[in-house]
Amino acid sequence: MAPKLYIIIPCYNEEAVLPITAPMFLEKINALAASGKISGDSRVMFVNDGSRDRTWEIIEQLSKQDEHYIGICQSRNRGHQNAVLAGLMEAKDVCDITISIDCDGQDDINAMDEMVDAYLDGCEVVYGVRSSRETDTFFKRFTAQSFYKFLAVMGADVVYNHADYRLISAKVLKEFANFKEVNLFLRGMVPLVGFKSTSVSYSRAERIAGESHYPLKKMIGLAVDGITSLSVKPLQLIMTFGLVVAFISFIGCIWALVTALCGRAVSGWASMTCIICFVSGVQLICLGIIGEYIGKIYMETKQRPRYIISKRTWEE
């Protein structure tokens, strides 16, 4: 029997692009079903992430036009990662495989054919990996690639140049449901589940319409969540650096003591001021990093829900 596919599409203020990309996703579902690779009962699931425009109204209209369109609406905006998670958890009990993809049309939907083929060959997770970043600005390309390399140095198991375009089987999602983190970084969490996986390469295009909803502030926040959610290496580096500074300080104290006993005055207030300012600055940075981890622990202990679904198109 052909597997049932749910395409999970997070949407936030996408009224400009949704009418353009929705037919593309439907066409892909129909093409895959016609080829016999997936079931005709497959669906395109939109996840409205508390949009302030007409996004949810458009999703409701689409669901009335074709049964393959369905949608869920979050009670408020909770961020891209939580929106993707909401769709995955909603679909895991009613489908065989899911493919998460952004709504903007930048990810090549034709890569879904290769993803489904890889699943049929036995892979439970298939990562969509960008073959190039020619459509990105130099700044975004440099920061993104540096981020993936930095995560690797920090010991995080992430797929290089992979965002949130991936196929995940229902088997994997049922195990992934046991991960209860509030601070989500899905591209780093999915590899932790294990199972047989592979990747497919694709070219990323320009956004079809509308504006990007991932400014620099959100990208930095996602990077911080990724590092602090997947690795404790920054804390280990703090300890190592602290030991080095303490050793140097100990040598400095011995030098100052020997100099005083020999009758030579220790001069140079400027150098002492520089050293004090440097050490104080390092201490504040270290406290900031530790504080970030403590803040994450604080949020995790509250065990607040990661998403709340207020509406479903099939319940209306």
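**Close-ups of a predicted model**

**View 1. What comes right after helix H1?** Glycine 36 follows H1, and its phi is positive, near 85°. This is a predicted model, so read every view here with that in mind. H1 itself covers residues 18-34, and its 17 residues reach 24 Å from first C-alpha to last, close to the 24 Å expected at 1.5 Å a residue.

**View 2. The two sides of H1.** Leu18, Thr21, Ala22, Phe25, Leu26, Lys28, Ile29 and Leu32 are the buried residues of this helix. They sit on the same side of H1, because their arc around the axis is only 155°. Flip to the other side and you find Glu27 and Ala34 exposed. The buried set packs against strands E1 (5-11), E2 (43-48) and E3 (69-74), plus helices H2 (55-65) and H4 (111-120).

**View 3. The open sheet.** Eight strands line up as E7-E5-E6-E4-E1-E2-E3-E8, with mixed pairing. E7 (197-202) and E8 (309-312) have a single partner strand each, so one side of each has no neighbour in the sheet. On average, neighbouring strands are turned by 20° against each other, direction ignored.

**View 4. Out at E7, with H4 across the strands.** E5 (residues 125-130) and E7 run parallel, joined by 6 bridges. Look for arginine 130 opposite tyrosine 202 in E7. H4 lies across E1, E4, E5, E6 (162-169) and E7, at about 40° to E6.

**View 5. Threonine 98 in strand E4 (residues 97-100)**. Threonine 98 is buried, with a relative accessible area of 0%. Setting aside neighbours within four places in sequence, its contacts include Leu5, Tyr6, Ile8, Leu88 and Ala91.

Key
Residues numbered from 1 in each chain as written. Predicted model: local features only at pLDDT ≥ 70, side-chain atom pairs only at ≥ 80, totals over all residues. Heavy atoms only, no water. Helix = DSSP H or I, 4+ residues; strand = E, 2+ residues; numbered from the N terminus. Expected span 1.5 Å × (residues − 1). Buried < 20%, exposed > 50% of the residue type's maximum accessible area, 1.4 Å probe, protein only. Arc of directions from axis to C-beta. Contact = heavy atoms within 4.5 Å. Pairing = 2+ DSSP bridges. Axes fitted to C-alpha atoms, helices over the stretch in contact; angles between N-to-C directions.
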